[in-house]
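Visitor: Please take a close look at one part of this model, the backbone at its loops, and say how the neighbouring helices are arranged.

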Amino acid sequence: MQISSRFSIAVHMLSLIHVRADYLTSDQIADSVNTNPVIIRQITRLLKKSGLIGVRRGTGGSFLLKEAAEISLYNVYKAVEAIENDQLFNTHENPNPNCWVGANINQVLELILIKAQHAMESILQNVSIQEITELIIRKNHAS
């Protein structure tokens, strides 16, 4: 199972909103992401619900509700429900209980997989949208 693409799309959206001075509509964001505006609106609802962005009424347009340096990738990851049931990894169902490996594999493996997920989440907590946009800007200037 992979982390949903909603995560990378949301990071893209927040980075774009951060570097642009104007209010961006879902159509404008969709153009940068190269996806359908409906997908952008769905992710916008999740980001709005989590208090990361606001949307202007009328003419529309998204804006950050927090400083980019205060929005961690972990905040985004949690906001867009990038994984199911808060578990990044799933073990296979119904291993053979009559086999000593099958009877114990999930319980042992889950301990390792929980540690791996926590390590990844810890890294995401230490990277902000500000840092992402700075890297994008540097990469753009190096091109």
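Guide: A residue is buried under 20% relative accessible area, exposed over 50% and partly exposed in between (1.4 Å probe, protein chains only). The model is predicted, so local features need pLDDT of at least 70 and side-chain atom pairs pLDDT 80 or more, while totals for chains, interfaces and linings use all residues. Residues are numbered from 1 along each chain as its sequence is written, and side-chain values use heavy atoms, without hydrogens and water.

Start with Asn-34, in the loop between H2 and helix H3 (37-49); helices are DSSP runs of H or I, at least four residues, numbered from the N terminus. Asn-34 is not a glycine, yet its phi is positive, about 65 degrees. Most residues other than glycine have a negative phi. The side of the question that concerns solvent is plain: Asn-34 has a relative accessible area of 70% and is exposed.

Ahead of that loop, helix H2 (residues 26-33) packs with helix H1 (residues 5-19) at an angle of about 115 degrees, the axes being 10 Å apart. H1 contributes Ile-9, His-12, Met-13, Leu-16 and Ile-17 to this contact (heavy atoms within 4.5 Å), and H2 contributes Ile-29, Ser-32 and Val-33.

Asn-94 also has a positive phi, near 60 degrees, and is not glycine either. Asn-94 sits in the loop that runs between helix H4 (73-79) and helix H5 (100-125). With a relative accessibility of 71%, Asn-94 counts as exposed.

Terms used. Axes fitted to C-alpha atoms, helices over the stretch in contact; angles between N-to-C directions. Helix = DSSP H or I, 4+ residues; strand = E, 2+ residues; numbered from the N terminus.
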